[in-house]
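Thanks, everyone. I'd like to walk you through helix packing and cavities in one model. Please have a look at the screen.

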Amino acid sequence: MSDGGDNPAAIPVAPLDVQGDGRWMSQHNRFVADTKDKEPDVLFVGDSLVQLLHQFEIWQELFSPLHALNFGIGGDATQHVLWRLQHGELENIRPKVIVLWVGTNNHGHTAEQVAGGIEAIVRLLNQRQPQARVIVLGLLPRGRDPNPLRVKNAQVNELVRAIPGACFLDVDPGFVSPDGTLSHGDLYDYLHLTRQAYAQVCRLIHAQVLQQLGEAACKPLEHSP
């Protein structure tokens, strides 16, 4: 995977403020503020698929009881998440589990570059939050009909399965029909999840988070000599 200095998906950068309203930076600053007065056991980081999750009742049902924080920003690619995490979003907190879901917005990058960007994020998480277990969620299929971005997302998933320091979780319950199409009943714009689809996906995530929390709790304490 291309995760070196020549990989644009692994070089931290804040996105251009093309709307001119400073929304992205304002959201980032709010997340940084949250780290100063909240103590999450679970941290979700990623793009709009993470951000929108917070608006559905399934979040309140499954993840709020686990003391979860949601650091998702719509439109983020791997390099944007990397920048955020390097600029305060990992300070002051010590989550037991970190859930990462990003990569589908890296339109101009190859599958190898996207996987390298995800690997760079995992490596940073391992360095800054060594106590946390990291779960990388697989990219979902996109587009009503088969298309190059859907193929690339599948390639990214195959590559990130082998990333050290993280557990890969495929959260696609089978959204693609036998004829190769996606239903707007699952992904209303063929990218973002409906309430019904979030319920399916979140139960898969929840089970894995509970497993990782349990393993973290059983982790033997390190004693000084």
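First, a definition: axes are lines fitted to C-alpha atoms, for helices over the stretch in contact, and angles run from 0 to 180 degrees between N-to-C directions. Helices (H or I, at least four residues) and strands (E, at least two) are DSSP runs, numbered from the N terminus. Now the source. This is a predicted model, where local features need pLDDT of at least 70, side-chain atom pairs count only at pLDDT 80 or more, and totals for chains, interfaces and linings use all residues. Residues are numbered from 1 along each chain as its sequence is written, and side-chain values use heavy atoms, with hydrogens and water left out.

Start with helix H4, residues 78-86, against H5. Their axes are 9 Å apart, at an angle of about 15°. That makes H4 roughly parallel to H5. Angles under 35 degrees count that way; over 145 is roughly antiparallel, 65 to 115 roughly perpendicular, and the rest oblique. The crossing of H4 and H5 is left-handed. By definition, left-handed has the near helix turned anticlockwise from the far one by less than a right angle, and right-handed has it turned clockwise.

Who touches whom? Contact means heavy atoms within 4.5 Å. H4 brings Thr78, Val81, Leu82, Leu85 and Gln86, and H5 brings Val114, Gly117, Ile118, Ala120, Ile121, Leu124, Leu125 and Arg128. By class, that contact of H4 with H5 has 9 nonpolar, 3 polar and 1 charged. The classes: Ala, Val, Leu, Ile, Met, Phe, Trp, Tyr, Cys and Pro are nonpolar, Asp, Glu, Lys and Arg are charged, and the others, Gly among them, are polar.

Next, H4 from the side of helix H1, residues 23-37. H1 and H4 pack at about 40°, with axes 10 Å apart. That makes H1 oblique to H4. The crossing of H1 and H4 is right-handed. Trp24, Met25, His28 and Phe31 of H1 meet His80, Trp83 and Arg84 of H4. The classes in this contact of H1 with H4 are 4 nonpolar, 2 polar and 1 charged.

Back to H5, residues 111-128. Its partner here is helix H6, residues 148-160, at an angle of about 45° with axes 9 Å apart. So H5 is oblique to H6. H5 passes H6 in a right-handed crossing. From H5 come Ala111, Glu112, Val114, Ala115 and Ile118; from H6 come Lys152, Gln155, Val156, Leu159 and Val160. That contact of H5 with H6 has 7 nonpolar, 1 polar and 2 charged residues.

Now the cavities. On a 1 Å grid over the protein atoms alone, a cavity is a set of points where a 1.4 Å probe fits but cannot get out, and lining residues have an atom within 4 Å of a point. Grid points are joined across faces, edges and corners, and a volume is the space filled by probe spheres set on the points. How many cavities of 30 Å³ or more does the structure hold? There are 2.

The largest holds about 50 Å³. Among its lining residues are Asp47, Trp101, Arg142 and Leu191. The second largest has about 40 Å³. Its lining includes Ile118, Val156 and Val160. H6 gives the largest share of that second lining, 3 residues. The lining of the second largest cavity divides into 10 nonpolar, 2 polar and no charged.

Note on methods:
1 Å grid on protein atoms, 1.4 Å probe; cavity = no way out; pocket = protein on both sides within 12 Å on 5 of 7 lines; lining within 4 Å.
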